[in-house]
Every structure is written in structure tokens, then in C-alpha cells.
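Open the model in your viewer and keep the sequence panel visible. The stops below are given as selections, each followed by what is found there.

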Amino acid sequence: MRAILATPALVDTELPVPTPGPHDLLVRIEAVAVNPIDTKLRAAVREGDPPRQLGWDAAGVVAATGARVSRFRVGDPVIFAGDVSRSGCNAEAVLVDERLVGRKPARLSWAEAASVPLTGLTAWESLFERLELDASGERGRGSSLLILGGAGGVGSIAIQLARRAGAVVIASASRPESAAWVRELGADHVVDHHQPLAPQLAALGFEVVDHIANFSDTDAYWEVMAELIAPLGSIVAIVGNRRPLDLNRLKAKSVTFAWEFMFSRSQFQTADMGRQGEILDLLAELLEAGELRPTLGRTVSPINAANLELAHTQLASSSTIGKVALVGWG
Ligand SMILES: NC(=O)c1ccc[n+]([C@@H]2O[C@H](COP(=O)([O-])OP(=O)(O)OC[C@H]3O[C@@H](n4cnc5c(N)ncnc54)[C@H](OP(=O)(O)O)[C@@H]3O)[C@@H](O)[C@H]2O)c1
């Protein structure tokens, strides 16, 4: 089968098709999406290291199943982000534990579907498991949520989920085109993250906000988050800090701070790891019902090392709007 390896240069190669373990699906890959984790893990590969098969966002068709698989059959169209401790999805056939897999939303193209899992899981877990917003929207309607990094992959789906949950969403975007994108996705207000946030929020009538979802640099926003969060509010962050964070800044207001890492469940094989498959199925239902919009911004074809390099370069610019996906093997 064809595969792309990071050596760290990206190279097209041929590898044997892997054999499923008891809980695994072997998925024939139709499309993959790229995420900053790809470029971060690629940067960790040094010349002479074992090459790494990157990619943790995929849509494809089940080609074989392990002995204990119960949720899927050969021929089922599926989506998954998978497990960062295993080989990624940049290959024609990939293994994934069925508990991490959801069904492909029927209405979506392969590229649109491949753009859902990693960011969809991150946004869902951030909002509904860490910040404890109510996914049904019945409880907590009208609470204010500041999303830092609104037009990126995670922000684009989070804005929609938060609006559906009844939150008043203030999304950050710094360019006319990214501001227009977050408004289209349903943001109630837009602020520019390259300008001081407090006066912009005050002008919109918010001295503080109930929740903050930081989908950008945790260190850079620590002080401003401590200022802007409401007493008893909650903050979620998804990007690891490079410097010590002063948690005392949150104590007087009794603020809850939570990390979200969407690979925690798979990495530690938590008892509820199958929740990720369930979340993907819930996202598929919402996308099929038209209650969520696909977040795909750009498609590149076919899937090969040269096109993956293009996608990585675009991602590294930190100016992507929505997601970038690669489709078909040519
Ligand atoms: N913990 C996890 O499980 C997890 C999961 C997914 C992603 N992540 C991490 O979260 C980060 C975001 O991921 P992503 O996929 O959403 O990235 P992305 O799609 O590459 O984000 C691009 C967006 O970042 C915005 N941006 C650039 N500089 C910013 C700043 N100073 N403040 C706020 N936003 C800024 C840009 O908006 P403008 O063009 O408007 O400036 C752009 O639209 C990455 O570091 C990624 O590794 C973590």
C-alpha cells in the first residue's frame, strides 16, 4: 500500500498492509485532514530517527475487522482521529480501535468528513466535558463564552456547538476574511485577538465572561484570561504551556481551569474510551441534519507527499480558515 512517512522530509513509500488486532478496524483511507499536531510531531523527528507515519483525521471504508469488533462491518463508511501513540492515517490502509470510530455523515464529501473527527472531538470535549456546557441547550442558556482562535479548525466547530448549546459566543478573529467566517458560523460577536481584548469586550457590554475556550497560545493569554473570566467561571485550554502558569491568578475568583487533550482517552485506554466513538456519531447526526456546517476550508488532491507538504506549510502559517484536507490517491 502507498503511505507517506516523515523522515522528517515527507516521502512517498510502499508499506505492507497492517493486520487488525482484536478491537481494530482496517480502514481504506479516502481522505485525510491535517492538524497542527502533524507539524509538531514532524518537528520532533530528527535525521536518522525511525520515520513517522503522521495524520490523525480520516474518512474511509472498513476493509477488514478484528475478531472482537462488534460496532462495524466491512464496507461501512467511517471517520476517526485515532490514537497518537499508533501510526497515523497518511496511508492507503490504517488500523484503528473501533471504540474511537464514528460513522461517516452521509451528506458529507470524503474531504468534509475527514475534517470532522480531531477538531470535533476537541471542541465537544472542551465545551461539554471540561466547561460543562449543556449540549442539549436546555440548561445554562445565555451564558457568555469567549473563544480564542475562532476561525481555526477547533474554533470553527466549537462556535457552532456552543451556539447550539445556547451560549452567547464571542469569537476572536484578526482578519476580515476570518472575521466573516466566524460570523457565518454563528458567532454573536467578533473581537480581534491582535488588539487588547478587555476594551473590545467592554464595548460589547461584557466586563467579564462566564467561560473561556482558549484554542490558541495558553501562555500568551494567561493574564488576560485571569482578568476577563467571571467569578466562579471556567477556562479550558488545549495548547501546552512553555512557561510556568500562575494558578493563583484564578484563586480569588474560584475559577475552574481545565486542560483538554483529545488523545487522553486513547493514550491511557480509559474505561470510557468508547465515548469518542459516541461523540463522533452525535456529530455525524448533527451534520446530517444540517444543524452543523462542515468546516472544510481547502481541499488538495491527490494524497501524496508533495501535497501533504503544501498542507503542512499552509497550516504552519497559523492563518488557516477552517480545515485543510487531502482526498484520493490518484
Ligand atoms: N489539546 C488538543 O486536544 C488539541 C486538539 C486540536 C488542536 N490543538 C492545538 O490547538 C491549536 C489550534 O488548533 P487548530 O487546529 O484550531 O489550529 P489552526 O486551524 O491552525 O488555527 C488557525 C487559526 O489560528 C488563529 N490565530 C492565529 N494567531 C492567533 C492568536 N494570537 N490568537 C488567537 N488565534 C490566533 C488564526 O485566526 P486569524 O487568521 O483570525 O488570526 C487562524 O484562523 C494548535 O496549537 C493545536 O496543536 C490541541
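The tour of this predicted model goes from the domains to the ligand, then to the core and one strand.

**Domains.** Colour residues 2-116 together with 268-327 as domain 1, and 120-259 as domain 2; the chain is divided into these two. Their centres, taken over C-alpha atoms, are separated by 27 Å. Next, select the residues where the domains touch: 15 residues come from domain 1 and 14 residues from domain 2. On the domain 1 side, pick out helix α9, residues 275-288, which gives the most to this contact, with four residues. Coloured by class, the side of domain 1 that touches domain 2 shows seven nonpolar, five polar and three charged residues.

**Ligand.** Now centre the view on the ligand and show the 32 residues around it. Which of them come nearest? They are Pro36, Gly152, Gly153, Ser174 and Ser178. To see the helical part of the shell, select α1 (36-43), α3 (117-130) and α4 (153-164), the elements that give two or more residues to it. By class, the shell divides into 14 nonpolar, 15 polar and three charged residues. Return to the domain colouring here: the ligand lies between domain 1 and domain 2, because both give residues to the shell around it.

**Core.** Hide the ligand and select Ala114 and Ala158. In the largest nonpolar core, which has 101 residues, these two touch the most other members. At least three residues of this core come from each of domain 1 and domain 2. Stay on Ala114 and show its contacts, leaving aside neighbours within four places in sequence. The contacts of Ala114 are then Ala31, Val32, Ala33, Asp57, Ala58, Ala59, Ile79 and Ala325.

**Strand β11.** Select residues 209-214, which form strand β11. Is this strand mostly covered or mostly open? It is mostly covered, with six of its six residues buried. Add strand β8, residues 144-148, which pairs with β11 in the parallel sense over four bridges. Within that pairing, label leucine 148 and asparagine 214, which stand opposite each other. Then add strand β12, residues 229-237; β11 pairs with β12 in the parallel sense too, over five bridges. To locate one of the bridges, label isoleucine 212 and its partner in β12, isoleucine 235.

Methods: Residues are numbered from 1 along each chain as its sequence is written. This is a predicted model: local features need pLDDT of at least 70, side-chain atom pairs count only at pLDDT 80 or more; totals for chains, interfaces and linings use all residues. A nonpolar core is a set of buried Ala, Val, Leu, Ile, Met, Phe, Trp, Tyr and Cys residues joined through C-beta atoms within 7 Å. A residue is buried if 20 or more other C-beta atoms lie within 10 Å of its own, exposed if 12 or fewer, and partly exposed in between; C-beta atoms are placed from the backbone. Domain bounds come from an automatic or database domain assignment. Two residues are in contact if their C-beta atoms, placed from the backbone, lie within 7 Å. A residue is near a molecule or strand if its C-beta atom, placed from the backbone, lies within 6 Å of it. Ala, Val, Leu, Ile, Met, Phe, Trp, Tyr, Cys and Pro count as nonpolar, Asp, Glu, Lys and Arg as charged, and the others, Gly among them, as polar. Two strands pair if DSSP finds at least two bridges between them.
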